[in-house]
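Let's walk through this structure together, one neighbourhood at a time. Keep the 3D view open as you read.

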Amino acid sequence: MTFPTVFPAVFDPAQTLTCGQAFRWKEVLGEDGLPCWEGVAKGHVLRLRKEQKNILFFCSRQEFEEIWREYFDLEQDYEEKRIFLSSLSPVLSQAAEYAPGIRILRQEPWEALCSFIISQNNNIPRIQGIIDRLCRLLGEPIPGSSQCTFPGPEKLAACTAEDLAPLRAGFRAKYLVDAAQKVAGGKIDLQKTARSPAEYGRNELQKIMGVGPKVAECALLYGFHKTECFPMDVWMKRAMEVLLPEMTPADFGENAGLAQQYLFHYSRMHPDLFE
């Protein structure tokens, strides 16, 4: 079943799904031969396509309401957020104008945590490959598709790093096992992290082997929807120093995560700014 949905706020699937916040989406050809985006989240497979002002969701309306409306954060007015951030700086205004259709996804906390553990010192194609192999090794087949679910912490906690050799994840395998054992054993409470302020999550998640400030910040932003979080790596530090030397992430308030996405995408596509 397919139905069009018109949103009052800007939403561009390509901008949202290629900006480095999720790794189980890819562009494919639909049954009608036209390109669309296909991804897996929360045990469901979705195809969607943007056609002018419409977003076509290839699913039932019930599935859309139960899964995808929340996943794409469609209740929030991102145009209002973009206008606010644009008012803070001409450079930020340019960055927001470059990719105004970015939204912050509401991913599952456990999957987001594992995804960004895998992302360390890695590129997007390799991250996607490792996650796909992990799901096929330990996940459950999703009926009616060739995809598998993301394995829960209990399934992963029963593994050793050697068991995960087929993933070709390198040093990250032992980090995944440690994360799974701490979550499955109750040492890390993801539900409490979701309910608590971001600072609590920063401290808790860094108790996991291999999770530093950046991985924790990414997991909190993309998996727990702590939108005040601002993942900072060498690239983003440079972007802030060059483009916004008089500002800090705190200046962006509850929209810091969205500001980070605008700046990251803009900077990545304009390397000449740093020459």
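Two residues count as being in contact when they have heavy atoms within 4.5 Å of each other. With that in hand, start at helix 6, whose buried residues pack against helix 5 and helix 7. Bear in mind that you're looking at a predicted model. The buried residues of helix 6 are Ile 127, Gly 129, Ile 130, Ile 131, Leu 134, Cys 135 and Leu 138. The helix has 15 residues and reaches 21 Å from its first C-alpha to its last, close to the 21 Å expected at 1.5 Å a residue. As background, an α-helix has 3.6 residues a turn, so residues three or four places apart point the same way.

Now hop over to helix 5, where you'll find Ser 115. Is Ser 115 buried or exposed? Its relative accessibility is 4%, so Ser 115 counts as buried. Setting aside residues up to four places away in sequence, Ser 115 touches Phe 23, Ile 127 and Ile 131. Ile 127 and Ile 131 are on the list of buried residues in helix 6.

Helix 8 (residues 172–184) comes next. Its 13 residues should span 18 Å at 1.5 Å a residue, and the end C-alpha atoms are indeed 18 Å apart, which agrees. How many of the 13 residues of helix 8 are buried? The number is 10, so this helix is largely enclosed by the rest of the structure. Among the buried ones are Ala 173, Leu 176, Val 177 and Val 183, but also Arg 172, Asp 178 and Lys 182. As for what covers them, the list includes helix 5 (109–118), helix 6 (124–138), helix 7 (153–157) and helix 9 (190–195). Just after helix 8, Gly 186 takes a positive phi of about 85°.

While you're here, look at the rings of Phe 171 and Tyr 175. They form an edge-to-face aromatic pair, with 5.7 Å centre to centre and 70° between the planes. Phe 171 counts as partly exposed, at 34% relative accessibility, while Tyr 175 counts as buried, at 15%.

That pair is one piece of a wider aromatic story: the structure holds 14 aromatic pairs. Another of them joins Trp 25 and Trp 68, again edge-to-face, with centres 6.1 Å apart and planes at 75°. Why care about this one in terms of sequence? Trp 25 lies in strand 2 (residues 25–29) and Trp 68 in helix 2 (residues 61–71), so the pair ties together parts that are 43 residues apart in sequence. Both tryptophans are buried. Zoom out a little and you'll see that Trp 25 and Trp 68 belong to one aromatic cluster, together with Phe 11, Phe 57, Phe 64, Tyr 71 and Phe 72. There's a charge to spot over a ring as well: Lys 81 lies over the face of Tyr 78, at 5.7 Å from the ring centre.

Next, the nonpolar cores. The largest has 68 residues, and those with the most contacts inside it are Trp 110, Ile 117, Leu 156, Leu 164, Leu 205, Phe 252 and Leu 263. Take Leu 205: leaving aside its neighbours within four places in sequence, this residue is in contact with Ile 188, Leu 190, Val 211, Ala 216, Ala 219, Leu 220 and Phe 224. A second, separate core of 18 residues includes Leu 48, Ile 55, Phe 57 and Phe 72. You've met Phe 57 and Phe 72 already, as members of the aromatic cluster.

Cysteines are worth a look too. How many disulfides are there? The count comes to 0, with sulfur atoms needing to be within 2.5 Å of each other to qualify. The sulfur of Cys 59 has its closest cysteine sulfur 12 Å away, in Cys 36, which is too far for a bond. For the sulfur of Cys 159 the closest is 11 Å away, in Cys 114, again too far. Both are tucked in: Cys 59 is buried with a relative accessible area of 5%, and Cys 159 counts as buried at 11%.

Finish at Ser 86, in helix 3 (residues 78–86). Ser 86 is buried, with a relative accessible area of 16%. Not counting residues up to four places away in sequence, Ser 86 touches Ser 93 and Ala 96.

Definitions and conventions. Residues numbered from 1 in each chain as written. Predicted model: local features only at pLDDT ≥ 70, side-chain atom pairs only at ≥ 80, totals over all residues. Heavy atoms only, no water. Phe/Tyr/Trp six-rings, centres within 6.5 Å; stacked < 30°, edge-to-face > 60°. Helix = DSSP H or I, 4+ residues; strand = E, 2+ residues; numbered from the N terminus. Buried < 20%, exposed > 50% of the residue type's maximum accessible area, 1.4 Å probe, protein only. Lys NZ or Arg CZ within 6 Å of the ring centre and 35° of its normal. Expected span 1.5 Å × (residues − 1). Core = buried A, V, L, I, M, F, W, Y, C linked by side-chain atoms within 4.5 Å.
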